[in-house]
Amino acid sequence: MNRIVRTLYNGTGLLLAGLAHAQPATSTNRGSHSTSTATAGTWARRDSRRSSITSPQGHVLIDGTLPANAPQIEANIRALGFRLRDVKLILNSHAHFDHAGAIARLAHDSGATVAASAAGAKELRSSSNDPDDPQYGMATHYPAVASVQVVADGAAVRVGPIAVTAHYTPGHTPGSASWTWRSCEKEQCVALAYVDSLTALSRDGFRYSDDPARVAAFRRSFATVAALPCDILVTPHPEASGFMQKIAARDRKHDSAALIDTDACRAYAAAAEPRFEARLAEERRNAREK
């Protein structure tokens, strides 16, 4: 196992009602090939919505699931042998309740710094009560995060040897951000990408096509994601990228190479872009029929 950086996928389940609930962490660790060191010590449940990156100098947590999950998340961190206060940084993909709801509590209890994109920081401070969000008025509110550090597009945040780079990928929300980092053992490294949702979901009556700048930004996000350094793709909703199937294949084959797919980010963007264009076409068609 890589002594420098391990990636952990911790337990959040999905109820049939669509509400995430925290579950005790379940180990899916297999193998000792160098590519497994990027995901060695992986802890997973179906539809995990929280990821963490660890180092001897402190840990980075990405996303925070539902507000009610905070105690179980903290219990899982301790169950993995880590101290909560060693979580030094909490990053966010987008500021909806199922990915950011527990962040305020986790930051308070750990003392960690919270960081996000510029628009994401605004959304976190407002408890996702942001009129610019396509889901404004339908998104569930959660405890606001009072203090959020803004990470510029293309800038890196660091905890010890961990350097995580922000990539602004607006669309799903104005503040959507994706994060990349490298995990190395000796001279062999893999690039990991935690890529935000690329779905165009909105409240009734919202039209992306009413705002050309928003449309252009969303289209740039597809290009950004396609160009990311990306040996292993992880997404806030793992089923969107087939992550859990890759874990299963790794376990079945006893080969950590099953986790690596250098085309994964390109494929993820390529699958999402036509859906967005279809949404725009539908909006234009509906406008003509009125």
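Which residues form a disulfide, and how far apart are their sulfur atoms? In this predicted model, the disulfide is made by C230 and C265, whose sulfur atoms lie 2.2 Å apart, and the structure holds one such link. The dihedral about the S-S bond is 80°, and the link of C230 and C265 is right-handed. Because C230 is placed in the loop between α5 and β13 (232–234) whereas C265 belongs to helix α7, the pair ties together parts that are 35 residues apart in sequence. Both cysteines fall under the 20% limit for burial: C230 counts as buried at 6% relative accessibility, and C265 is buried with a relative accessible area of 1%.

Aromatic contacts were examined next. A pair of aromatic rings is described by the distance of the centres and the angle of the planes. A search of the whole structure yields six aromatic pairs. One of these joins Y208 and F276, whose ring centres are 5.7 Å apart and whose planes stand at 90°, so the arrangement is edge-to-face. This pair links distant parts of the chain, since Y208 sits in the loop between β12 (188–194) and α5 (212–226) while F276 sits in helix α7 (residues 264–289), 68 residues apart. Y208 counts as buried at 0% relative accessibility, and F276 likewise counts as buried at 1%.

A stacked aromatic pair is formed by F218 and F222, with 5.2 Å from centre to centre and 20° between the planes. F218 and F222 both lie in helix α5, four residues apart, which is about one turn of the helix. An α-helix has 3.6 residues a turn, so residues three or four places apart point the same way. F218 and F222 are both buried, and ring pairs link them with F206, Y208 and F276 into a cluster.

Burial also marks helix α6 (residues 243–253), in which F243, M244, K246, I247, A249 and R250 are buried. Just after α6, a positive phi of about 55° is found at H254.

Among the strands, β9 (residues 156–159) presents a covered face, comprising V157 and V159, and an uncovered face, comprising A156 and R158. Strand β9 runs antiparallel to strand β10 (residues 162–168), to which four bridges join it, and V157 stands opposite V164 in β10. The two strands β9 and β10 form a hairpin with two residues between them, and G160 in the turn adopts a positive phi of about 55°.

Technical notes: Residues are numbered from 1 along each chain as its sequence is written. This is a predicted model: local features need pLDDT of at least 70, side-chain atom pairs count only at pLDDT 80 or more; totals for chains, interfaces and linings use all residues. Side-chain values use heavy atoms; hydrogens and water are left out. Rings of Phe, Tyr and Trp (its six-membered ring) pair if their centres lie within 6.5 Å; planes under 30 degrees apart count as stacked, over 60 as edge-to-face and the rest as tilted. Buried means under 20% relative accessible area, exposed over 50%, partly exposed in between (1.4 Å probe, protein chains only). Two strands pair if DSSP finds at least two bridges between them. A disulfide is a pair of cysteine sulfur atoms within 2.5 Å.
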